[in-house]
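Me: I've got a structure to look through and could use some company. Can we go over it step by step?

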Amino acid sequence: MASIPARAFRTIGKFSLATMIGMGLVAGDALAQQATPSPGSAKAMFGAVTLPTQGPPQSIGFYAKGCLAGAVALPADGPTWQAMRLSRNRRWGRPETIGLLERLSRDAARNDGWPGLLVGDISQPRGGPMFNGHASHQIGLDADIWLTPMPRHRMTAEEREALPFTTMLAKDRFLTINDKVWTPAHARLLMRAASYPEVERIFVNPAIKKKMCDTWTGDRTNLGKLRPEYGHDSHFHIRIRCPAGSVGCTPQAPVAAGDGCDKTLAWWFGPEPWAKPKPSTKPPVKPREVMVSDLPKTCQAVLAAPPVASARAATFGARDAGPTVETDAMPASGNTPPSRIPQQ
Ligand SMILES: [Zn+2]
């Protein structure tokens, strides 16, 4: 990677670098942020459901346009993980996803010097679009993992709401890793996650990708799975491919061959990704909200299907999970008003 071209800095002008990089969040995962979805919109409908459907797991549609049947929940706690922001009720996914997260947490604790995972959003109980925070995560095959190692103690539900994110980026420098927070264990964790064949992509901040390109001396076969993306500087995002035989799950094109430490990465360090959109002469068009009818047809049936008996009954490996904090933190029943869902 060449160093950052001077024109990138000129484009940035008076804006602080941190602001610019923060603005990247708006363009990335947080694109779907909006105040209150209209009643009847897909966000409102899927956001109001508190329990998954019964029956076998089914990912319907695409990562950014679909829904999920037969989801299971990641237990709020395991020996090597803790689920975060429990009030969001977004720790639902396909069993393959949940199983992989648990495995990653164990493997990383055993081999990589990473004491455990703090797991962020996976999917809603029936997938679908969310009130805030993500364009994807709709079919139970995406999961966010914090780049903060799990603390030794089991956090209370309140601590899990309040723990702030820690960015890996240096404050006053453009797309540069802060070596005071970044460690070799972070790099090992990312490559561990990329090592599983079922993991198709991992989204990270371009600065993290560059750091990996510059410093990873091990096997680089899976480095190409790390994809530079806006945001993703305090968490990374694991995307699992459609499991074999999952009819109705729309696959994404495989990543290009190679380690991705090339001009596609260099592009992020130029002005183009950070340029403000040109002012238009036309009045701004408000994007139309996604309605349930815009999703694959089966998603209407998923919304209408009877729920499982309880969240506990649909928790992955619930029999061995032991006591957890989830009973206090899970919404008991009915709608979760948007005001209770913390903004990212
Ligand atoms: Zn994500």
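Reply: Sure, here are some questions and answers about this model.
It is a predicted model, where local features need pLDDT of at least 70, side-chain atom pairs count only at pLDDT 80 or more, and totals for chains, interfaces and linings use all residues. Residues are numbered from 1 along each chain as its sequence is written.

Me: How many helices and strands are there in the chain?
Reply: Helices (H or I, at least four residues) and strands (E, at least two) are DSSP runs, numbered from the N terminus. Going by that, the chain has ten helices and eleven strands.

Me: What percentage of the residues count as buried?
Reply: A residue is buried if 20 or more other C-beta atoms lie within 10 Å of its own, exposed if 12 or fewer, and partly exposed in between, with C-beta atoms placed from the backbone. The chain has 344 residues, and the buried share is 42%.

Me: Which strand is joined to S1 by five bridges?
Reply: S1 covers residues 58-62, and four of its five residues are buried. Two strands pair if DSSP finds at least two bridges between them. S1 forms a hairpin, with two residues between the strands, and Phe62 has Lys65 as its bridge partner. The antiparallel strand on the other side, residues 65-69, is S2.

Me: In S11, which residue stands opposite Asp144?
Reply: Start with S8 (residues 142-146), which has four of its five residues buried. Five bridges join S8 to S11, and the two run antiparallel. Opposite Asp144 in S11 is His237.

Me: How far apart are the end C-alpha atoms of H4?
Reply: The expected span of a helix is 1.5 Å times one less than its number of residues. H4 has 17 residues (95-111), so it should span 24 Å. The model agrees, as the end C-alpha atoms are apart by 24 Å.

Me: How are H4 and H6 set to each other, and which residues of H6 make the contact?
Reply: Axes are lines fitted to C-alpha atoms, for helices over the stretch in contact, and angles run from 0 to 180 degrees between N-to-C directions. H4 and H6 (residues 184-195) pack at about 135 degrees, with axes 10 Å apart. Angles under 35 degrees count as roughly parallel, over 145 as roughly antiparallel, 65 to 115 as roughly perpendicular and the rest as oblique, so these two helices are oblique. Contact means C-beta atoms, placed from the backbone, within 7 Å; on the H4 side we have Leu104, Asp107 and Ala108, and on the H6 side Leu189, Arg192 and Ala193.

Me: Which residues of H6 are buried?
Reply: H6 has twelve residues and reaches 16 Å from its first C-alpha to its last. The cover over its buried residues includes H4, S9 (199-204), H7 (206-215), S10 (226-228) and S11 (235-240). The buried ones are His186, Leu189, Leu190, Met191, Ala193 and Ala194.

Me: Is Arg85 buried or exposed?
Reply: Arg85 sits in the loop between S5 (81-83) and S6 (92-93). Its phi is positive, near 45 degrees, whereas most residues other than glycine have a negative phi. Arg85 has 23 other C-beta atoms within 10 Å, so the word for it is buried.

Me: What is phi of Leu175 near?
Reply: Leu175 lies in the loop between H5 (157-162) and H6. Leu175 is buried, with 24 other C-beta atoms within 10 Å. Leu175 is a residue other than glycine with a positive phi, near 40 degrees.

How values were computed:
Two residues are in contact if their C-beta atoms, placed from the backbone, lie within 7 Å.
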